[in-house]
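Trainee: I would like to go through some labels and ask how each one is earned. Could we take them one by one?

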Amino acid sequence: MKRKNIALIPAAGVGLRFGAGKPKQYVEIGGKTVLEHTVCIFQNHPSIDMTVVVVSQEDVLADGFQTAFAGVQVWKIGGRTRAETVRNGVAKLLETGLASADDNILVHDAARCCLPSEALTRLIVQAGNVEQGGILAVPVADTLKRADGGNISATVERTGLWQAQTPQLFRAGLLYLALTAENSDGVTDEASAVEKLGIRPLLVQGDVCNLKLTQPQDERLVRLLLNTV
């Protein structure tokens with residue numbers, strides 16, 4: 001049986017750092033919300049079998065979103081943290097039979113709406129059939145400084161350091177196990193949860209265009225990348 005590739009987009013955050021007065025995934029760029037741009041990436045990729053968006057229970061902006069995209073599931077089961085939101089989404093996929101334990105779950109930030117199709121393909125090809133899963137990432141290019149208050153306390157050796165991106169691809173069973181483990185508190189991404197199980201996920205070359213809309217100044221770059229300036 002063919003292993004399915006299911007995109008899971010956690011979109012339950014409120015985007016306080018972005019300061020738009022609403023969750024940043026609903027900011028409009030070029031006539032579409034950031035979330036719509038992100039969903040389109042997966043809807044248009046031939047290797048993606050299903051796309052699931054997980055929003056908060058109080059999210060009224062998501063109402064009617066599902067009707068705009070055939071085949072997209074929108075679930076109001078978001079948690080207090082990203083990890084909880086992803087865990088709830090994976091749990092429902094398994095409980096409803098929409099995913100088997102052996103299917104691939106590709107968790108992707110709702111605010112990364114410039115993911116190149118080529119990078120997504122690369123992740124599926126290189127990590128889609130390995131037990132440990134894998135993530136998109138890029139080697140750290142800039143010199144890193146450790147801060148002590150407002151001053152530099154040390155320069156950090158960057159050799160071997162990579163900046164994690166998304167999607168992060170793992171088998172549904174493994175991902176659920178990692179996110180429900182007793183020591184899963186404080187994980188910042190899916191890979192870190194899997195790492196706590198003693199597993200070493202694969203690093204797949206990402207793309208600098210796959211930036212995350214976080215600060216207000218990021219919007220200018222996103223508009224350039226989406227050709228909506």
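Mentor: Gladly. Let us begin with Asp 49, which is partly exposed at a relative accessible area of 40%. This is a predicted model, where local features need pLDDT of at least 70, side-chain atom pairs count only at pLDDT 80 or more, and totals for chains, interfaces and linings use all residues. Residues are numbered from 1 along each chain as its sequence is written, and side-chain values use heavy atoms, with hydrogens and water left out.

Trainee: Why is Asp 49 called partly exposed?

Mentor: Buried means under 20% relative accessible area, exposed means over 50%, and partly exposed is in between (1.4 Å probe, protein chains only). Asp 49 has 40%, so partly exposed is the label.

Trainee: And why does Lys 2 count as exposed?

Mentor: Lys 2 has a relative accessibility of 57%, and the label exposed needs over 50%, so Lys 2 earns it.

Trainee: How do you know that Lys 2 and Asp 49 meet in a salt bridge?

Mentor: The term asks for a side-chain nitrogen of Lys or Arg within 4 Å of a carboxyl oxygen of Asp or Glu. For Lys 2 and Asp 49 the N to O value is 3.2 Å, so the pair qualifies. Lys 2 lies in the segment before strand 1 (5-10) and Asp 49 in the loop between helix 1 (34-43) and strand 4 (50-55), so the pair ties together parts 47 residues apart in sequence. Helices (H or I, at least four residues) and strands (E, at least two) are DSSP runs, numbered from the N terminus.

Trainee: Which residues form a salt bridge with Asp 109?

Mentor: Arg 82 is one of them, with closest N and O atoms 2.3 Å apart. Arg 112 is another, at 2.8 Å.

Trainee: What makes Asp 109 buried and Arg 82 partly exposed?

Mentor: Asp 109 has a relative accessible area of 5%, which is under 20%, so Asp 109 is buried. Arg 82 has 24%, in between the two cut-offs, so Arg 82 is partly exposed.

Trainee: Why is Arg 171 called buried?

Mentor: Its relative accessible area is 5%, against a cut-off of under 20%, so the label holds for Arg 171. Arg 171 is placed in strand 10 (residues 162-171).
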